[in-house]
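Please work through the exercises below with the sequence and the coordinates open beside you. Each one sets a task and is followed by a solution in steps.

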Amino acid sequence: MGQKSNPIGLRLQINRTWDSRWYAEGRDYAKLLKEDIEIRKYIIEALPQAAISKVVIERPAKLCRISIYAARPGVIIGKKGADIEKLRSKLSAMTESEVKLNIVEIRKPEIDAKLVAQGVADQLIRRVAFRRAMKRAVQSALRLGAEGIKITCGGRLGGAEIARVEWYREGRVPLHTLRANVDYAEAEALTAYGIIGIKVWIFKGEILAHDPTAQDRLMMEAQTSGVRPAR
């Protein structure tokens with residue numbers, strides 16, 4: 001009865017891995033975790049136009065390697081790389097480690113759960129009809145190769161007095177199948193009537209081998225030409 005697992009947490013170490021990849025002991029753990037949270041928050045708030053899907057932080061030996069997965073990498077890089085240098089200096093001030101930045105371009109934002117959820121939220125803020133926004137997102141995802149998608153919106157939909165939940169699903173979304181490559185994300189739309197929550201599940205096929213890095217590798221293979229070298 002309503003005891004739902006987060007599809008990402010459920011699949012950790014099966015076909016996907018963590019977004020923070022480092023090891024620390026004692027007080028260092030708390031310090032580095034706080035740094036990670038602040039770095040992610042700053043990047044997402046400073047670059048709202050870049051359509052950032054996720055920020056992966058790795059810390060091999062006194063180095064902080066930050067990979068930003070974004071649909072519009074040009075916004076982050078700026079003219080002749082000026083903006084990326086500014087960003088790097090800001091991030092360097094947040095951590096004692098040396099910062100290296102990787103910008104990874106997301107070639108198909110229509111099948112990235114975070115970007116789909118954020119896109120629907122932005123449309124709701126602009127007062128687009130919620131059914132139209134959800135149906136358009138579903139059709140775009142299926143057209144670009146998703147095997148299944150489910151979108152849920154909850155709140156005062158259309159300015160109604162009573163909050164409710166509406167959802168659309170097309171194709172297969174097998175949440176109980178651990179080998180299924182299910183991308184999941186949440187977003188919030190701050191409308192005049194209150195907050196509307198959006199959840200998106202996108203099924204992209206099955207990963208048959210037990211491989212924690214499978215999802216990252218598949219994502220990188222899909223965007224191979226979009227990877228920018230570390231700076």
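**Exercise 1. Determine how many residues of β7 are buried, and describe how β7 pairs with β8.**

Step 1. Of the 12 residues of β7, nine are buried, so this strand is largely enclosed by the rest of the structure; buried stands for under 20% relative accessible area, exposed for over 50%, and partly exposed for what lies in between, with a 1.4 Å probe and protein chains only. Strands (E, at least two residues) and helices (H or I, at least four) are DSSP runs, numbered from the N terminus.

Step 2. β7 and β8 run antiparallel and are joined by 11 bridges, where two strands count as paired if DSSP finds at least two bridges between them.

Step 3. The two strands form a hairpin with two residues between them, and Tyr184 stands opposite Trp201 in β8.

Before going on, note that this is a predicted model, in which local features need pLDDT of at least 70 and side-chain atom pairs count only at pLDDT 80 or more, whereas totals for chains, interfaces and linings use all residues. Residues are numbered from 1 along each chain as its sequence is written, and side-chain values use heavy atoms, with hydrogens and water left out.

**Exercise 2. Find the salt bridge that Glu206 forms, and state which parts of the chain it ties together.**

Step 1. A salt bridge requires a side-chain nitrogen of Lys or Arg within 4 Å of a carboxyl oxygen of Asp or Glu, and by this rule the count comes to 14.

Step 2. The partner of Glu206 is Arg179, with the closest N and O atoms 2.7 Å apart. Because Glu206 lies in strand β8 and Arg179 in the loop between β6 (164-171) and β7, the pair ties together parts that are 27 residues apart in sequence.

Step 3. Glu206 is partly exposed at a relative accessible area of 35%, and Arg179 is partly exposed at 41%.

**Exercise 3. Describe the salt bridges of Lys34 and of Glu166, including how accessible the residues are.**

Step 1. Lys34 forms a salt bridge with Glu38, the closest N and O atoms being 2.9 Å apart; both residues lie in helix α2, four residues apart, which is about one turn of the helix.

Step 2. Lys34 is exposed, with a relative accessible area of 51%, while Glu38 is partly exposed, with 37%.

Step 3. The side chain of Glu166 meets that of Arg164 in a salt bridge at 3.1 Å, N to O. Here Glu166 is buried, at 19% relative accessible area, and Arg164 counts as partly exposed, at 31%.

Step 4. A network of salt bridges links Arg21, Glu58 and Arg65.

**Exercise 4. Characterise helix α5: its span, its start, its buried residues and what covers them.**

Step 1. Helix α5 covers residues 113-125, which makes 13 residues, and from its first C-alpha to its last it reaches 18 Å, close to the 18 Å expected at 1.5 Å a residue; the expected span is 1.5 Å times one less than the number of residues.

Step 2. At its start, a side-chain oxygen of Asp112 reaches to within 3.2 Å of the backbone nitrogen of Lys114.

Step 3. The buried residues of α5 include Leu115, Val116, Val120 and Leu124. What covers the buried residues of this helix includes β2 (52-58), α6 (130-143), β5 (148-155), β7 (180-191) and β8 (194-206).

**Exercise 5. Identify the residues with the most contacts inside the largest nonpolar core, and the elements that supply it.**

Step 1. A nonpolar core is a set of buried Ala, Val, Leu, Ile, Met, Phe, Trp, Tyr and Cys residues joined through side-chain atoms within 4.5 Å.

Step 2. The largest such core has 25 residues, and those with the most contacts inside it are Leu124, Ile151, Cys153, Ile198 and Val200. At least two residues of this core come from each of α5, α6, β5, β7 and β8.

Step 3. A second, separate core of 19 residues includes Ala50, Ile68, Leu87 and Val99.

**Exercise 6. Which phi values do Ala51 and Arg127 have, and is each residue buried or exposed?**

Step 1. Most residues other than glycine have a negative phi.

Step 2. Ala51, in the loop between α2 (27-46) and β2, has a positive phi near 55° and counts as buried at 18% relative accessibility.

Step 3. Arg127, in the loop between α5 and α6, has a positive phi of about 65° although it is not a glycine, and it is exposed, with a relative accessible area of 66%.

Definitions and conventions:
Contact means heavy atoms within 4.5 Å. A polar contact is a pair of N or O atoms within 3.5 Å; within protein, one must be able to donate a hydrogen and the other to accept it, and residues adjacent in sequence count only if both atoms are side-chain atoms.
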